[in-house]
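Reader: I have a structure to look at, and I would like some help reading it. Could you walk me through it?

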Amino acid sequence: MQLRDTPDQLRFREDLRAWLRTVLPTLDPQPSQDDWQARRTYDSHWQALLHQAGYAGLNWPAEYGGRGATPTEHLIFLEESELAGAPYVGVNFVGLLHAGPTLIAEAAPEQRERHIPAILRGDEIWCQGFSEPDAGSDLAALRTRAVRDGDHYVVDGRKIWTSHAEVADFCELLVRTGPADGPKHQGITWLIMPMDAPGVTLRPLMTAGGSTEFSEMILEDVRIPVANRVGAEGDGWRIAMVTFAFERGTGFVAEVVWARRRLAEIAALARENTAWEDSETRRRIARLAAEFDALWALVKRNVSEAEHSAAGIPGPGSSVFKLRFSEARQHLDDLHADVRGRDALAFDDDLCTYDGEPGYERLRSLAYTIAAGTSQVQRNIIGERILGLPKEPSATAPAAGAAKGGAR
Ligand SMILES: Cc1cc2nc3c(=O)[nH]c(=O)nc-3n(C[C@H](O)[C@H](O)[C@H](O)COP(=O)(O)OP(=O)(O)OC[C@H]3O[C@@H](n4cnc5c(N)ncnc54)[C@H](O)[C@@H]3O)c2cc1C
């Protein structure tokens with residue numbers, strides 16, 4: 001494991017810093033968090049700038065328009081971008097952080113050629129249609145059905161919590177192609193669904209923070225070409241585990257840098273007001289500083305492992321990171337509220353939909369221990385896959401392997 005920059009990595013870092021210094025002042029102000037079309041335009045423009053400068057898809061193969069850089073350079077990119085205050089992936093989250101990498105790992109050459117360049121240029125947005133009203137942690141219980149009809153699958157069912165569905169062009173969709181009463185992990189298939197296909201209806205859902213970032217997705221007789229199937233029919237569970245490895249392995253990484261910066265701001269604020277006089281507050285600040293330092297080292301370790309694995313897919317260490325980061329992130333927002341005092345509760349309606357506003361961030365952080373697999377599910381994965389503990393006992397036996405990311 002290499003924790004310091006090599007000369008090549010240092011050069012990469014310095015070139016990137018210089019580019020960020022030039023390009024960031026040219027950007028328009030960020031649009032309102034709930035103006036989804038404006039956000040799409042803004043995020044796509046940023047992605048196009050990255051692409052033109054050779055910073056899109058850093059660790060993706062050069063043959064698909066990526067830079068072919070090492071995962072360590074990818075981390076440097078995330079670190080420097082966050083420190084410079086650059087926009088993050090925004091509505092390109094799914095495409096760039098897990099759908100694209102899954103396509104590279106699992107899709108047919110023509111599927112990669114069709115989709116990867118468009119994701120990298122910021123031309124096409126993706127969403128994830130995995131969760132259903134009765135299949136979240138127990139994802140393998142999903143019931144959205146796909147029935148073969150000639151060259152198409154005809155899909156019927158309901159998906160929920162589909163982030164950014166309103167602006168998405170394509171969806172990574174998990175469907176049941178096997179019998180409803182068969183082994184639940186074996187009858188699942190991973191499809192690419194065009195979001196403009198007839199029969200797709202979206203119902204936006206409101207979060208506690210007032211954002212409509214996700215939707216319920218109703219699918220009625222949606223015809224999806226068989227050519228849009230990734231991998232073999234019935235192999236979708238294995239492919240979904242590849243998607244999760246990327247989602248947890250790198251999805252939250254840039255936020256560690258953000259969290260360290262926010263902690264420094266909180267410490268400065270505490271020094272300005274009476275909060276610093278409380279020794280327990282000082283201890284909480286110190287504990288979180290150590291936690292985020294350790295998480296950054298853990299990220300480097302996970303990335304280094306993926307770098308040296310044949311498939312380039314993050315291992316179960318991504319669950320340790322996801323668990324610890326999401327819980328530390330909530331402690332950070334609690335600390336911020338305590339240090340600010342009453343101000344933290346009285347966020348006003350105009351500001352509450354903007355990232356960085358403390359009251360809104362605190363509400364938003366509640367989702368961290370749920371999205372991409374809950375903390376309880378991560379603990380099951382760590383217990384079973386890293387510590388080698390016996391599988392979770394369950395009344396319905398297959399549930400142990402079915403938890404979202406149960407990774408069987
Ligand atoms: C901000 C946000 C964005 C999201 N975006 C998407 C998206 O784009 N696409 C998508 O498909 N999904 C998305 N989700 C859904 C997310 O993946 C699910 O919410 C998550 O997997 C939990 O499923 P659930 O909500 O059905 O809760 P449940 O699975 O019903 O869990 C309820 C509680 O029971 C606990 N529990 C369940 N099973 C076990 C077990 N075996 N052992 C111990 N405890 C258990 C859970 O930990 C939880 O506390 C998003 C969620 C959030 C919060």
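Reader: Which residues of α2 meet Ile119, Leu120 and Arg121 in α5?

Author: This is a predicted model, and α2 and α5 are a friendly place to start. On the α5 side, the contact is made by Ile119, Leu120 and Arg121. Facing them in α2 are Ser44, Gln47, Ala48 and His51.

Reader: How do the residues of that contact of α2 with α5 divide by class?

Author: Sorting them by class, 1 is charged. The others divide into 3 nonpolar and 3 polar.

Reader: At what angle do the axes of α2 and α5 cross, and what does that make α2 relative to α5?

Author: Helix α2 covers residues 36-52 and helix α5 covers residues 109-121. Their axes come within 7 Å and cross at roughly 105 degrees. An angle of 65 to 115 degrees counts as roughly perpendicular. Therefore α2 is, relative to α5, roughly perpendicular.

Reader: Now the ligand: which side chain has a polar atom 2.6 Å from an oxygen atom of the ligand?

Author: Let's go through the polar atoms one by one. Gln128 places a backbone N or O atom 2.8 Å from a ligand nitrogen, and Ser163 has a polar side-chain atom 2.8 Å from a nitrogen atom of the ligand. The 2.6 Å distance to a ligand oxygen belongs to a polar side-chain atom of Gln376.

Reader: Which element supplies the largest share of the shell around the ligand?

Author: Two elements, β3 (152-163) and α11 (375-386), each supply at least two residues of this shell. By class, the shell has 7 nonpolar, 9 polar and 3 charged residues. The largest share, 3 residues, comes from β3.

Methods:
Residues are numbered from 1 along each chain as its sequence is written. This is a predicted model: local features need pLDDT of at least 70, side-chain atom pairs count only at pLDDT 80 or more; totals for chains, interfaces and linings use all residues. Side-chain values use heavy atoms; hydrogens and water are left out. A polar contact is a pair of N or O atoms within 3.5 Å; within protein, one must be able to donate a hydrogen and the other to accept it, and residues adjacent in sequence count only if both atoms are side-chain atoms. Helices (H or I, at least four residues) and strands (E, at least two) are DSSP runs, numbered from the N terminus. Ala, Val, Leu, Ile, Met, Phe, Trp, Tyr, Cys and Pro count as nonpolar, Asp, Glu, Lys and Arg as charged, and the others, Gly among them, as polar. Axes are lines fitted to C-alpha atoms, for helices over the stretch in contact, and angles run from 0 to 180 degrees between N-to-C directions. Angles under 35 degrees count as roughly parallel, over 145 as roughly antiparallel, 65 to 115 as roughly perpendicular and the rest as oblique. Contact means heavy atoms within 4.5 Å.
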